[in-house]
Amino acid sequence: MGNIVFGGCSYTWGQSVWYHANFENDYHPKDGWFYGNLVCPECKEYMEEHRFAGQVSKYFGKEQRVKAKNGGSNMQALEFCRQAIDTETELVIIQTTQFSRDHIEIDEQVENFEKFVEETEAKGIPVRFLHWIWPNFTSEELKLIKNNKFNSNKLTSNIIKDRTIWLDGEFNFWKWTELAEAKLNSTKERYEEIKKRSIIGHFGLPTKAKAPDSHFSLYGHNIVAESIINYIKENNLLK
């Protein structure tokens with residue numbers, strides 16, 4: 001069986017999507033933090049089936065390859081993809097995250113992505129991208145750039161831009177996870193639609209929450225999966 005390799009952070013891994021299943025033995029606190037030792041076997045199985053990587057792979061009859069450990073930076077995602085590729089790999093999809101998770105220049109991260117694309121596609125394996133916030137920055141990253149801690153001249157990389165899968169008409173899914181931003185920059189109807197795509201938007205903020213859980217809800221994973229499936233079909237990326 002052929003496989004699709006998915007690199008990314010907790011959005012790709014599928015954090016919290018199992019909340020929809022309401023398993024009796026799910027003792028993972030719904031407080032916005034992650035506790036790896038409290039993810040029950042049923043939760044993990046549900047997550048692997050319903051996250052967008054699982055949905056896309058199942059649709060095309062392929063094996064999904066996602067890093068076993070939750071979370072990660074851009075370069076960790078890239079290294080996972082490099083290690084996960086084998087002779088049965090037919091496609092690689094990388095979800096980028098914030099640049100500040102890696103302690104190297106932004107341009108170096110982009111160049112590493114570009115080199116990976118060149119090397120991987122030379123083997124006949126297409127590489128595509130999803131973005132959380134690229135080519136924009138978090139407030140934390142803007143401060144680093146202002147203090148000359150980051151170099152950011154290559155954010156317009158056509159190699160990455162031309163291989164980006166747009167999600168429901170958007171280049172990145174940042175507004176799906178940052179509801180305050182979505183509320184400021186969307187119509188009321190669009191905002192109500194976007195809200196349903198995250199855990200916090202779907203379930204609300206628990207009383208004892210330590211942080212807002214901005215990960216994809218099941219509905220959010222469904223939309224990402226549908227966008228990827230349509231893109232793959234339209235561009236004939238899989239046999």
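**Exercise 1. What order do the four strands of the open sheet have, and is the pairing parallel or antiparallel?**

Keep in mind that this is a predicted model.

*Solution.*
Step 1. Reading across the open sheet, the four strands come in the order 2-1-3-4, and the pairing is parallel.
Step 2. Now look at the ends of that order. Strand 2 (63–66) and strand 4 (127–131) each have a single partner strand, so each is left with one side that has no neighbour in the sheet.
Step 3. Going from one strand to the next, the twist averages 20°.
Step 4. Zoom in on one pair: strand 3 (residues 89–96) runs parallel to strand 4, and five bridges join them. To find your place in strand 4, look for Phe129, which has Ile94 opposite.

**Exercise 2. Work out what span helix 12 (residues 218–234) should have, and check it against the model.**

*Solution.*
Step 1. Helix 12 has 17 residues. The expected span is 1.5 Å times one less than the number of residues.
Step 2. That puts the expected span at 24 Å, and the end C-alpha atoms are 24 Å apart, so the two agree.
Step 3. Next, take burial, with under 20% relative accessible area as the cut-off. The buried residues of helix 12 include Leu218, Ile223, Val224, Ile228, Ile229 and Ile232, and also His221 and Ser227.
Step 4. Step just past the end of helix 12 and you meet Asn236, with a positive phi of about 50°.

**Exercise 3. Find the cavities of 30 Å³ or more and describe what lines them.**

*Solution.*
Step 1. Two cavities make that cut.
Step 2. The largest cavity holds about 50 Å³ of space. Among its lining residues are Phe6, Cys9, Trp13, Val66, Lys67, Lys69 and Phe80. Strand 1 (3–7) and helix 1 (10–13) are the elements that give two or more residues to this lining.
Step 3. Sort the lining of the largest cavity by type: five nonpolar, four polar and two charged.
Step 4. The second largest cavity comes to about 40 Å³. Thr96, Thr97, Phe99, His131 and Trp134 are among the residues around it. Here the lining splits into four nonpolar, four polar and no charged.

**Exercise 4. Describe the largest pocket by its volume and its lining.**

*Solution.*
Step 1. Its volume is about 230 Å³.
Step 2. The residues lining the largest pocket include Ser10, Tyr11, Gln98, Arg101, Trp132, Glu178 and Pro212. Thr97 lines the largest pocket and also the second largest cavity.
Step 3. By type, the pocket lining has five nonpolar, five polar and two charged residues.

Technical notes. Residues are numbered from 1 along each chain as its sequence is written. This is a predicted model: local features need pLDDT of at least 70, side-chain atom pairs count only at pLDDT 80 or more; totals for chains, interfaces and linings use all residues. Side-chain values use heavy atoms; hydrogens and water are left out. On a 1 Å grid over the protein atoms alone, a cavity is a set of points where a 1.4 Å probe fits but cannot get out, and a pocket is an open set with protein on both sides within 12 Å along at least five of seven lines; lining residues have an atom within 4 Å of a point. Grid points are joined across faces, edges and corners, and a volume is the space filled by probe spheres set on the points. Ala, Val, Leu, Ile, Met, Phe, Trp, Tyr, Cys and Pro count as nonpolar, Asp, Glu, Lys and Arg as charged, and the others, Gly among them, as polar. Two strands pair if DSSP finds at least two bridges between them. Axes are lines fitted to C-alpha atoms, for helices over the stretch in contact, and angles run from 0 to 180 degrees between N-to-C directions. Buried means under 20% relative accessible area, exposed over 50%, partly exposed in between (1.4 Å probe, protein chains only).
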